[in-house]
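Me: I should like a close look at one part of the model below, followed by an account of its surroundings. Please treat the matter in one connected answer.

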Amino acid sequence: MSNSVINDNQRIAKNTLALYFRMFVTMAVGLYTSRVVLQTLGVSDYGIYNVVGGFVTMLAYLNSIFVGATQRFLSYSLGENKLNKLQTVFSTALSIHVIIAIVVLFIAETFGLWFVNNQLVIDSQRMVAANWVYQCSVLSLIVTILNVPHK
């Protein structure tokens, strides 16, 4: 084998180990923070946090689709080595994601808010907290959608 193949294999192995380490750290932080959040909020509020936050978070799976599509077009333009086309693709992707964010915000603030306030069974004393969690989750989703072209 040539040196370049061995170097490539070593680089792949190092990247794989780095990804495994990152995944382990992410899991450890996630498990620890969920324990702290449960301990801090209590069982009832933790349930509200998970249900209301999960309602918005289930839409976040679209993010991976958006990232894949955007990266494909950006990579293709980058491979053509045409800066003008790359700028056009980025501007178009950013515009599309702004429109998607506006549509998601509209749906979240109409149907989603109605669902949280009328369909979920939440103690009336905790409804304000549930609405705060919902609004923070919606804001997080919007920021995530707007961040896609920059990845």
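Is Asn81 buried or exposed, and what is its relative accessible area?

Reply: Asn81 is exposed, because its relative accessible area is 71% (buried means under 20%, exposed over 50%, and partly exposed in between, with a 1.4 Å probe and protein chains only). The model is a predicted one, in which local features need pLDDT of at least 70 and side-chain atom pairs count only at pLDDT 80 or more, while totals for chains, interfaces and linings use all residues. Residues are numbered from 1 along each chain as its sequence is written, and side-chain values use heavy atoms, with hydrogens and water left out.

Asn81 lies in the loop between α2 and α3 (helices are DSSP runs of H or I with at least four residues, numbered from the N terminus). Its phi is positive, near 65°, in a residue other than glycine. In sequence, Asn81 follows α2.

Beside this loop, Glu80 forms a salt bridge with Lys85, and their closest N and O atoms are 3.0 Å apart (a salt bridge is a side-chain nitrogen of Lys or Arg within 4 Å of a carboxyl oxygen of Asp or Glu). A search of the whole structure finds 1 salt bridge. Glu80 counts as partly exposed because its relative accessibility is 28%; Lys85 counts as partly exposed at 35%.

The helix before Asn81 is α2, residues 61-80. Its 20 residues should span 28 Å at 1.5 Å a residue, and the end C-alpha atoms are 30 Å apart, which agrees (the expected span is 1.5 Å times one less than the number of residues). Within α2, the buried residues are Asn63, Phe66, Val67, Thr70, Leu74 and Ser77. They cover an arc of only 105° around the axis, so they are on the same side of α2 (the arc is that of the directions from the helix axis to the C-beta atoms). The cover over the buried residues of α2 includes α3 (83-119) and α4. Tyr61, Ser64 and Gly79 are exposed on the other side of α2. Leu78 also belongs to α2, and with a relative accessible area of 56% it is exposed. From Leu78 to Tyr61, 17 residues apart along the chain, the C-alpha separation is 26 Å.

Beyond the loop, α3 contains Ser95, which counts as partly exposed at 42% relative accessibility. The C-alpha atoms of Ser95 and Thr110 are separated by 23 Å, and the two are 15 residues apart along the chain. Leu113 lies in α3 as well. Leaving aside neighbours within four places in sequence, Leu113 is in contact with Ala108, Asn131, Tyr134 and Gln135 (contact means heavy atoms within 4.5 Å). Leu113 and Asn131 are 18 residues apart in sequence, yet their C-alpha atoms are 8.0 Å apart in space.

Asn131 is one of the buried residues of α4, the others being Met127, Ala130, Tyr134, Ser137, Val138, Leu141, Ile142 and Ile145. Seen down the axis of α4, these buried residues fall within an arc of 135°, so they line one face of the helix. The face turned away from that buried side carries the exposed residues Val128, Trp132, Leu139 and Val143. The 21 residues of α4 reach 30 Å from the first C-alpha to the last, close to the 30 Å expected at 1.5 Å a residue.

Ile145 has its place in α4, residues 127-147. It counts as buried because its relative accessibility is 5%. Apart from neighbours within four places in sequence, Ile145 is in contact with His97, Ile100, Ala101 and Val104. Between Ile145 and Met127, 18 residues apart along the chain, the C-alpha atoms are separated by 27 Å.

One further surface feature deserves mention. Leu17, Tyr20, Phe21, Met23, Phe24, Val25, Met27 and Val29 make a nonpolar surface patch of about 870 Å² (patches are made of residues with over 30% relative accessible area and no salt bridge, like charges being joined within 9 Å and nonpolar side chains, namely Val, Leu, Ile, Met, Phe, Trp and Tyr, within 5 Å; accessible areas come from the Shrake-Rupley method with a 1.4 Å probe, and for residues only the protein chains shown count as cover). Val25 is placed in helix α1, residues 3-57, and at 35% relative accessibility Val25 counts as partly exposed.

Notes
Helices (H or I, at least four residues) and strands (E, at least two) are DSSP runs, numbered from the N terminus.
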